[in-house]
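Biologist: I should like a close look at a single part of this protein, followed outward into its surroundings. Please give the account as one connected description.

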Amino acid sequence: MAAAAGATACSASDSSSGEIRRVLITSGEHALAGMLADNLSGSYEVMQTSRNTIESEHPFRQCDLDHEEPTDQLVAGIDAIVHVGEPLADDDMHEQIDYLTRRTYNLLLAAANSGVRKVVYLSTLEIMTVYDSDFLVNETWRPRPDLKGRSLAKYLCEFTCREFARVGKLPVVTLRLGNVVPASEVAGDPMAVAEEDVAQAVRLALEAQGEESPSTLAHWSVLHVSSGSAQARFDSKRANRVLGYEPVHNG
């Protein structure tokens, strides 16, 4: 299997410890995945993956996420997965949906069979923007994605993750993100969230221990992650209550 310099195989996970140490980050070619790998690598053993071969400063393994042995090998020894879930830049709509449904299913099935303890899926607040901006839309509202856009594929991935969580195969925390931008670009954008705040939310989701950390974290959890700005389109009160998320960049 082709891979960039620095590719590695993970050793078997220590099943006697509840601590998450080895983290797999998908969509390695995407800037968000690279930022998270840099941010998390000081605390975790990070490995990136992508359907394409990329150059990375972190351990990397190319994988198509088909229902085959390479996908099983990809997750062997992994404690948690951060599923960035961003399609390739040249994917058409069919390929985007395929990646975020069929290939995600293959990834999660292999993860469940391998004993992965947690999945953090990065969805998008785009699926909630159809509601009037004057409404106080929270996680209990029904998503209404654009049926022709990227948000549909991201929402379908939520369904795929939810079913694995609801049958008890994998705990999944879904973080619906605003527009992820550098901290300097948060001001004036009600949908923006700073990269550092996204990294904070992901780290907290990985660290959360389950039933009471600090509040109830269910086997399937959906949390909105945005800036702390008073102009933010969606608030992150539940993420604060459940994870302790406190955005630093308020715009």
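Modeller: Leu65 counts as buried, because its relative accessibility is 3%, below the cut-off of 20%. This residue is found in the loop between E3 and helix H2 (69-75), in what is a predicted model. The phi of Leu65 is near 60 degrees, which is a positive value in a residue other than glycine. Most residues other than glycine have a negative phi. A second case is Ser27, whose phi is near 55 degrees, again positive in a residue other than glycine. Ser27 lies in the loop between E1 and H1, and with a relative accessible area of 2% Ser27 is buried.

These two loops lead to the sheet. It is an open sheet of seven strands with parallel pairing, in the order E3-E2-E1-E4-E5-E6-E9. Strand E3 (60-62) and strand E9 (220-225) form the edges, each pairing on one side only. On average, neighbouring strands of this sheet are turned by 20 degrees against each other, direction ignored.

The part to examine closely is strand E4, residues 80-83, which is covered on both faces. On one side Ala80 and Val82 are buried, and on the other Ile81 and His83 are buried. In the strand order, E4 stands between E1 and E5. Strand E1 (residues 22-25) pairs with E4 in the parallel sense over three bridges, and here Ile25 stands opposite Val82. Towards the other neighbour, E4 pairs with strand E5 (residues 118-124), also in the parallel sense, over four bridges; in this pairing Ile81 stands opposite Val119.

Which residues surround His83, beyond its neighbours within four places in sequence? His83, found in strand E4, is in contact with Thr26, Tyr99, Leu100, Thr104, Leu107, Val120, Tyr121, Leu122 and Cys157. Among these, Val120, Tyr121 and Leu122 fall within the residue range of E5, 118-124, while Tyr99, Leu100, Thr104 and Leu107 fall within that of helix H3, 93-114. The relative accessible area of His83 is 0%, and therefore His83 is buried.

Helix H3 also joins these strands along the chain: E4, H3 and E5 make a right-handed β-α-β unit. One step further across the sheet, E1 and strand E2 (residues 45-50) pair in the parallel sense over four bridges, with Ile25 opposite Gln48 in E2. Helix H1 (residues 31-40) packs on the sheet, where it touches E1, E2, E4, E5 and strand E6 (172-177), and its direction makes about 165 degrees with that of E2. H3 packs on the sheet as well, touching E1, E4 and E5, and the direction of H3 makes about 170 degrees with that of E4.

For the wider setting, the protein has six helices and nine strands, and buried residues make up 52% of its 251 residues. Of the contacts between residues at least 6 apart in sequence, 69% join residues at least 24 apart. The protein exposes about 11,300 Å², of which carbon and sulfur atoms supply 47%.

As to confidence, the average pLDDT is 89, and 90% of the residues score at least 70. Residues 1-17, however, have a pLDDT below 50, although this stretch has 41 contacts in the model beyond near neighbours in sequence.

Note on methods
Residues numbered from 1 in each chain as written. Predicted model: local features only at pLDDT ≥ 70, side-chain atom pairs only at ≥ 80, totals over all residues. Heavy atoms only, no water. Buried < 20%, exposed > 50% of the residue type's maximum accessible area, 1.4 Å probe, protein only. Helix = DSSP H or I, 4+ residues; strand = E, 2+ residues; numbered from the N terminus. Pairing = 2+ DSSP bridges. Right-handed = clockwise from strand over helix to strand, strands pointing away. Contact = heavy atoms within 4.5 Å. pLDDT = per-residue confidence, 0-100. Axes fitted to C-alpha atoms, helices over the stretch in contact; angles between N-to-C directions. Areas by Shrake-Rupley, 256 points an atom, 1.4 Å probe, with all protein chains shown as cover.
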